[in-house]
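Good morning, and thank you for coming. I would like to take you through one structure, beginning with its strands and then turning to a metal site and the cysteines.

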Amino acid sequence: MLSAFRGVPASPGIVFGTVYLLRWEVPDVRHRIVADDEIDGEIARFHEALEAARVRVNRVRRRAERRAGPEEAAIFDVQLSMLDDVELVQGTESYIHRNIAAEKAFDLVMSEWRKNFARHSLPMVRERLGDLTDVHIRVLSLLLGLPDHDPVDVPQGAGAILVTHDLTPSLTVQLDPRAIAAIATDAGTRTSHVAILARSLGIPAVVGLKDATTRLRGRERAVLDGSTGTLIVDPSEAEEDAYRRRATQEALDDAELLRLSHGDTITTDGVRVTIYANVDLPEEADIAATSGAEGVGLMRTEFLVLGRTTMPDEEEQYRAYARVIDAFSGQPIIIRTFDIGGDKLPTGGYPVEANPFLGWRAIRMCLDEPELFKIQLRAILRAATHGDVRILLPLVVSVEEVRATRVLVAEAAAELAERGVAHRDQLPLGVMIETPAAAITADTLAGDVEFFSIGSNDLVQYTLAVDRGNVNLAERFTPLHPAVLRLIRDVVRASEAGGVQVGVCGEMASEPLHAFALLGLGVRQLSVAPRSVPLMKRLVRGVSVGIAQEAMTAALEAGSPQRAEAELRRRLLAAFGDAAFLRDGLLAT
Ligand code: PEP
Ligand code: MG
């Protein structure tokens, strides 16, 4: 029987494969009493599970060591020491001696530990809660014989379509990216970081499937279509054929788009638009550079930190930035300082907050930890000797944050000069316009910065008070809401009046319909996922700013996101007699 799951298109591409269901959550454990003569057997079973868990953690540890070095691998030592902990072993054994089955005995001890860890006065202990949960899941699933509870089991080379509830940083580090052909998650939206990361890694993905992990059993044959956000399980032959034809067509379209992607991007009425690429990982730089992008409009440096326990040092950061700058030989590279926090947190060492999206994050955290911030600034100033580098600050709400950063940039430059290290000290400084505060005071900010970059993902989230990662709110996350459109219009006006450049680097820039709206609002610089560069170039070359402005006036007057969308869609489709390259999924908002 064919069943189709519809979710949110997160990263394009069609994959035929086998569902690998991963339930990375503490399983429910039934209370089970064992007879006196079963006690020794239960204790032996418990020790076997501990040993098997050690083998698995060691395997992940070795992989982490190969990928990220010995320091990163050390995070798994905490889990290994928990597995050897005398109190844990004795506590579990003592429950078993009271005729409680091994899995329940272990579950009881771990639940007590979790309570104590969560309440502990030392932050260092509270931060180990994630490790404790990983150990809890791993040992319990071994004791219960659950097949789908360990990331080390994802089979390599079998075209696994990984289906899981959410891809948290703790889970991401444990996965072997070579084993995963596609990703499908219950949680997440187009602007959540799973989606952004999947796009940057070029792994097709569908998110926001809500209940796929409870409805699937694992090992089903499936087709995942990242452009339309569909997961078809047990497809019929006819269905598979149709998808194969589409996959071939997509490959042809991509090749055609790539052929057209080089050279300037000028609208039919002669307006030049710059298309930059967003780069999330240094490894992406070469692909991004061949996409036809004219530079990097956003390098998200926090991906250097995610899933690690320690911050990368100056040398490592310098090499990562230089790699991207070199790939783009002389084109502008906008490096955004660490946007850590919200749903982008390194492992451990950071406070658990009730409201992380409104919390101690991004520029706030960097300014409160100046020594840590200056490591990054020094690395950027050094890398700037390789090309045209600009610094972008995330989550800015006031001009004081910009001024405080300038002081630290000057200090970082002085420190490098003192060490006799080659660097540049006068780099353009810009701010993300991604809070209503920044958007409304853009005229003031313009006096202190060289450029603006509109982060529509957060600007929409904070303006509409809609969590960008909450799948239940996905339909309420409407970039064409009049409040958002008016803010963007006013930011563009403030940038023109203040003589600063403005671009958009959020997901709005990658959606054809939204990009059309942005052209109508006066935006002339778009920064998009590397894979979207050719598409956006083709789009811009096929429209006129005059029509986009007309569509935007109608959209603003329309008063609701749905009516605004209808106004824009009608005119965009009219501009393209053949809208074939505007794939359905990309047009959906
Ligand atoms: C944004 O908020 O639009 C943005 C580009 O930044 P991020 O998605 O990394 O928060
Ligand atoms: Mg943002």
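This is a predicted model. Let us begin with an open sheet built from 8 strands, whose order is β1-β8-β7-β3-β4-β5-β6-β2 and whose pairing is mixed. At the edges stand β1, residues 3-6, and β2, residues 8-11. Each of these has a single partner strand, so one side of each is left without a neighbour in the sheet. From one strand to the next, the twist averages 30 degrees.

As a reminder, the strands of a sheet pair through backbone hydrogen bonds, either parallel or antiparallel. In which sense do β3 and β4 pair? Strand β3, residues 14-22, and strand β4, residues 160-164, run in the parallel sense, and 5 bridges join them. Within this pair, Val19 has Ile161 of β4 as its bridge partner.

Two helices that pack on the sheet deserve mention. Helix α9, residues 193-201, touches β2, β5 (180-185) and β6 (205-207). The direction of α9 makes about 45 degrees with that of β2. Helix α11, residues 237-259, touches β3, β7 (221-225) and β8 (230-233). Here the angle between the direction of α11 and that of β3 is about 115 degrees.

I now turn to the metal site. Which residues supply the protein donors of the magnesium ion, ligand 2? They are Glu434, through OE, and Asp458, through OD, at 2.0 to 2.1 Å from the ion. Glu434 lies in the loop between β13 (429-433) and α17 (436-440), while Asp458 belongs to helix α19, residues 456-464. The pair therefore ties together parts that are 24 residues apart in sequence. Are these two donor residues buried or exposed? Glu434 counts as buried, at 2% relative accessibility, and Asp458 is likewise buried, at 3%.

Finally, the cysteines. How many disulfides does a search of the whole structure find? The number is 0. Consider Cys366: the closest cysteine sulfur to its own is that of Cys505, and because the separation is 16 Å, the two are too far apart for a bond. A disulfide would require the sulfur atoms to be within 2.5 Å. Seen from Cys505, the closest cysteine sulfur is in turn that of Cys366. Both side chains are in buried residues: Cys366 has a relative accessible area of 2%, and Cys505 one of 1%.

That concludes the tour, and I welcome your questions.

Notes. Residues are numbered from 1 along each chain as its sequence is written. Chains are lettered from A and ligands numbered from 1 in the order in which they are written. This is a predicted model: local features need pLDDT of at least 70, side-chain atom pairs count only at pLDDT 80 or more; totals for chains, interfaces and linings use all residues. Side-chain values use heavy atoms; hydrogens and water are left out. Buried means under 20% relative accessible area, exposed over 50%, partly exposed in between (1.4 Å probe, protein chains only). Donors are N, O and S atoms within 2.8 Å of the metal (3.2 Å for Na, K and Ca); water is not among the atoms, so sites may look incomplete. Helices (H or I, at least four residues) and strands (E, at least two) are DSSP runs, numbered from the N terminus. Two strands pair if DSSP finds at least two bridges between them. Axes are lines fitted to C-alpha atoms, for helices over the stretch in contact, and angles run from 0 to 180 degrees between N-to-C directions. Contact means heavy atoms within 4.5 Å.
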